[in-house]
Amino acid sequence: MIKNIIFDVGNVLVDFRYHDYMLQLGFSDDAVKVIEKKLIGNDALWSQLDYGREPEEETIRKMIGEVPGYEKYVDTFFSNIIDIVETYPYTVSWIKELKSKGYGVYILSNYPPKWWTLHDKERFGFTHLVDGMVVSGFVNTVKPEKEIYECLLKKYDLNPDECLFFDDRKKNIDGAKAAGIHGYVFTTYEDAVEYLKSIGI
């Protein structure tokens with residue numbers, strides 16, 4: 001029986017709107033494509049931000065080295081990072097609804113520590129509602145590594161078989177399942193609600 005719902009944050013509870021964000025900053029189409037492909041799409045490099053093991057400035061220096069000629073764009077990208085996310089309209093009411101039904105609600109997210117602190121203060125508006133959270137940048141491990149799922153389970157004394165995890169990336173759902181947690185690949189809020197209804201939630 002599911003007793004706890006665990007949410008990823010980016011593209012589940014908030015819109016990680018990096019494409020529109022760069023257009024908003026006035027980036028050329030070419031710069032947008034290069035940054036999307038070589039930085040945001042480079043999991044090995046991008047995950048270094050999420051790990052939080054080294055100063056963000058060091059990771060940014062590495063990123064600049066990957067896109068010669070686009071240094072000013074990378075600098076602008078990271079200097080205005082507050083606007084890269086926007087909380088979805090359904091997020092707060094969804095969490096409140098699940099809690100009103102008696103479910104525990106938790107967050108498990110890959111997120112750079114500085115970004116999390118900034119966005120939690122200025123953009124989210126929902127973390128005070130949840131029962132607990134584990135954020136990669138503060139524990140130095142990331143999804144889909146087993147350690148981050150176990151960290152959440154241990155911290156809040158959760159039975160994995162009583163937990164359901166929503167994440168927009170299949171590999172992170174596979175990681176959850178490897179830790180004994182039920183998982184569902186998130187595509188849209190409407191689809192997720194229908195799935196919950198189908199299992200009696």
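Start with helix α9, residues 146–155: Lys-146 and Glu-150 both sit in it, four residues apart, or about one turn of the helix. Keep in mind as you look around that this is a predicted model. An α-helix has 3.6 residues a turn, so residues three or four places apart point the same way. Here the two side chains do meet, in a salt bridge with an N to O distance of 3.9 Å. A salt bridge is counted when a side-chain nitrogen of Lys or Arg comes within 4 Å of a carboxyl oxygen of Asp or Glu, so this pair makes the cut. As for solvent, Lys-146 is partly exposed at 41% relative accessible area, and Glu-150 is partly exposed too, at 38%.

Now hop over to helix α11, residues 189–198, where Lys-197 and Glu-194 are three residues apart, again about one turn of the helix. Their side chains form a salt bridge as well, at 3.7 Å from N to O. How exposed are these two partners? Lys-197 is exposed, with a relative accessible area of 54%, while Glu-194 is partly exposed at 48%. Some salt bridges share partners: Asp-8, Lys-143 and Asp-167 are joined into one network that way.

Another pair to pull up is Glu-54 and Lys-62, which form a salt bridge with their closest N and O atoms 3.2 Å apart. Glu-54 counts as partly exposed, at 25% relative accessibility, and Lys-62 is partly exposed at 28%. In general, side chains of opposite charge can pair when their charged atoms come close. Across the model, the count comes to 14 salt bridges.

Let's leave the charges and look at what is tucked away. In helix α6 (residues 91–100), the buried residues are Thr-91, Trp-94, Ile-95 and Leu-98. They cover an arc of only 95° around the axis, which puts them on the same side of α6. What do those buried residues pack against? The partners are the strands β1 (4–7), β3 (85–87) and β4 (104–109), together with helix α11, the helix that holds the Lys-197 and Glu-194 pair.

Follow the chain out of α6 and you come to Gly-102, whose phi is positive, near 95°. Gly-102 is in the loop between α6 and β4, and with a relative accessible area of 61% this glycine is exposed. Check its position against Asn-4: the two are 98 residues apart along the chain, yet their C-alpha atoms are separated by 8.9 Å.

Helix α10 (residues 170–178) can be read in a similar way. Its buried residues are Asn-172, Ile-173, Gly-175 and Ala-176. These span an arc of only 155° around the axis, which places them on the same side of α10. Which residues are exposed on the other side of α10? Those are Lys-170 and Ala-178. The cover over the buried residues includes α9, β6 (163–167) and β7 (182–185), so the helix we started with turns up again here, as part of what covers α10. After α10 comes Gly-180, with a positive phi near 90°.

Finally, turn to the two helices α2 (residues 29–40) and α5 (residues 71–79). They pack at an angle of about 75°, with their axes 11 Å apart. An angle of 65 to 115 degrees counts as roughly perpendicular, and α2 and α5 are therefore roughly perpendicular to each other. On the α2 side the contact is made by Ala-31, Ile-35, Leu-39 and Ile-40, and on the α5 side by Tyr-73, Val-74 and Phe-77. Sorted by type, the residues of this contact are seven nonpolar, no polar and no charged.

Met-22, in helix α1 (residues 18–24), is worth clicking on next. Is Met-22 buried or exposed? At 0% relative accessibility, Met-22 counts as buried. Leaving aside residues up to four places away in sequence, Met-22 touches Phe-27, Val-32, Ile-35, Glu-36, Ile-40 and Phe-77. Among these, Ile-35, Ile-40 and Phe-77 also take part in the contact of α2 with α5. For a sense of distance, Met-22 and Arg-61 are 39 residues apart in sequence and 19 Å apart in space, C-alpha to C-alpha.

Technical notes: Residues are numbered from 1 along each chain as its sequence is written. This is a predicted model: local features need pLDDT of at least 70, side-chain atom pairs count only at pLDDT 80 or more; totals for chains, interfaces and linings use all residues. Side-chain values use heavy atoms; hydrogens and water are left out. Buried means under 20% relative accessible area, exposed over 50%, partly exposed in between (1.4 Å probe, protein chains only). The arc is that of the directions from the helix axis to the C-beta atoms. Contact means heavy atoms within 4.5 Å. Axes are lines fitted to C-alpha atoms, for helices over the stretch in contact, and angles run from 0 to 180 degrees between N-to-C directions. Angles under 35 degrees count as roughly parallel, over 145 as roughly antiparallel, 65 to 115 as roughly perpendicular and the rest as oblique. Ala, Val, Leu, Ile, Met, Phe, Trp, Tyr, Cys and Pro count as nonpolar, Asp, Glu, Lys and Arg as charged, and the others, Gly among them, as polar.
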